[in-house]
Amino acid sequence: MSSMDDRNGKHRDNRLRREPLITNSSLWVNAGETDPMGTRFKIADTDFLDDITERTNCPKCHKSRKYYCYSCYELMDDIRDRVPRVTLPVKVDVIKHVQEVDGKSTSPHVRLIAPQDTTVHTFPDIPDYRHQRVVLVFPAPNARTLKQVFADGVTDEEIPVTTETKVLELSGENMLSERWNVGANGKEWNDSRGVWTVDSLHDCTLHLPPHSDKESTLSTTGMPFDRVVFIDSTWRQTHQILKDPRISPLLTTSTVILSEHESLFWRHQRHSPRTYLSTIEAIYYFFVDLQVILDERDGNCGDYDHRYDNLL
């Protein structure tokens, strides 16, 4: 073999080594089992998916899809009635960055399996979470576990923000205009959500009115929050989303960190810890951990009953 052939052979070997192999994915490395999905979870039969060989058009956008449309969150006609449904105890909001690639995202799974409880928002078109009973799943420095949230509740009576943020939100309203009133604590601004008090030159606080139905809501659901928010994007995109004033206050008041779980997702992030979960795994384990807490609270201590496994 010539030297040129030797070099070509080495290049081919290097290319082969660089190609990701399914046997090197976290699904196999972490599990140490022949079929981790079959032994660890109780998932409805999926064999019918193997019978789908042709792509069809999405009934909404008319784009070619095989199983579901990841843009419209619509199941294709051939499998719509065969896909299981899951009911969730609280509502789920998924925030996706507009530049996130839809086709590689796992968040559509929860929208397809639990459509009545799930909403997907594309940033920057997101709700204002500052006056809602909501938790954000994100590893912030002051994030609490779910058990701590149940012990402490969700803080939503006062939300600190910067004066500059408030002015921006008010579409350039002049803070020195006559709409600012002089109250007992200094300058105040009344809007539909409550009373804004200027605390200093750079800070103000929104004092929310008391929730008239808060006690009844807690007694009915037994939950310290009504909604959980997940961010589905790259880390760089996530930090951009978290700067938005409609969600940024949650970082200081309402973040939740999951208990540690190893990812079984086949397309694991390279050079990342095995505990870095895909979005659908994070959603799944949030509800598994939540169900364990609810069962313990209600005296139903026992093994998790796999009610959320079909999310995977």
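**Strands, salt bridges, a helix and a cavity**

Colleague: In this predicted model, which residues of strand S7 point one way and which the other, and are they buried or exposed?

Modeller: Strand S7 covers residues 134-137, with Val-134 and Leu-136 pointing one way and Val-135 and Val-137 pointing the other way, and all of them are buried.

Colleague: What makes S13 and S14 count as strands that pair with S7?

Modeller: Two strands pair if at least two bridges are found between them. S7 is joined by 3 bridges to S13 (residues 227-232), which runs parallel to it, and by 2 bridges to S14 (residues 255-256), also in the parallel sense, so both meet the condition. Among the bridge partners, Leu-136 has Val-229 in S13, while Val-137 has Val-256 in S14.

Colleague: Why is the contact between Arg-227 and Asp-93 called a salt bridge?

Modeller: The closest N and O atoms of Arg-227 and Asp-93 are 2.9 Å apart, and a salt bridge asks for a side-chain nitrogen of Lys or Arg within 4 Å of a carboxyl oxygen of Asp or Glu, so the name applies. This pair links distant parts of the chain, since Arg-227 is in strand S13 and Asp-93 in strand S5 (residues 91-97), 134 residues apart.

Colleague: How do you know whether Arg-227 and Asp-93 are buried or partly exposed?

Modeller: Buried means under 20% relative accessible area and exposed means over 50%, with partly exposed in between. Asp-93, with a relative accessible area of 3%, is therefore buried, whereas Arg-227, at 23% relative accessibility, counts as partly exposed.

Colleague: What makes Lys-60 and Glu-74 a salt bridge, and which parts does the pair tie together?

Modeller: Their closest N and O atoms are 3.4 Å apart, which is within the 4 Å cut-off, so the pair qualifies. Lys-60 lies in the loop between strand S1 (56-57) and strand S2 (64-65), and Glu-74 lies in strand S4 (residues 74-75), so the salt bridge ties together parts that are 14 residues apart in sequence. Lys-60 has 55% relative accessibility and therefore counts as exposed. Lys-60 and Glu-74 also belong to a network of salt bridges with Asp-77 and Arg-80.

Colleague: How many salt bridges are found in the whole structure, and how exposed are Asp-305 and Arg-307?

Modeller: A search of the whole structure gives 12 salt bridges, and one of them joins Asp-305 to Arg-307, with the closest N and O atoms 2.7 Å apart. Asp-305, at 40% relative accessibility, counts as partly exposed, and Arg-307, at 41%, likewise counts as partly exposed.

Colleague: How do you know what span to expect for helix H10, and what makes H10 mostly covered?

Modeller: Helix H10 (residues 279-297) has 19 residues, and its reach of 27 Å from first C-alpha to last is close to the 27 Å expected at 1.5 Å a residue. H10 is called mostly covered on the ground that 16 of its 19 residues are buried. Just after H10, Gly-299 takes a positive phi of about 75°.

Colleague: How many cavities are counted, and what lines the second largest?

Modeller: The count comes to 2 cavities of 30 Å³ or more, and the second largest has a volume of about 30 Å³. It is lined by Gln-291, Val-292, Asp-295, Gly-302, Asp-303 and Tyr-304, which divide into 2 nonpolar, 2 polar and 2 charged residues.

Technical notes: Residues numbered from 1 in each chain as written. Predicted model: local features only at pLDDT ≥ 70, side-chain atom pairs only at ≥ 80, totals over all residues. Heavy atoms only, no water. Buried < 20%, exposed > 50% of the residue type's maximum accessible area, 1.4 Å probe, protein only. Helix = DSSP H or I, 4+ residues; strand = E, 2+ residues; numbered from the N terminus. Expected span 1.5 Å × (residues − 1). 1 Å grid on protein atoms, 1.4 Å probe; cavity = no way out; pocket = protein on both sides within 12 Å on 5 of 7 lines; lining within 4 Å. Points joined across faces, edges and corners; volume = space filled by probe spheres on them. Nonpolar A, V, L, I, M, F, W, Y, C, P; charged D, E, K, R; others polar.
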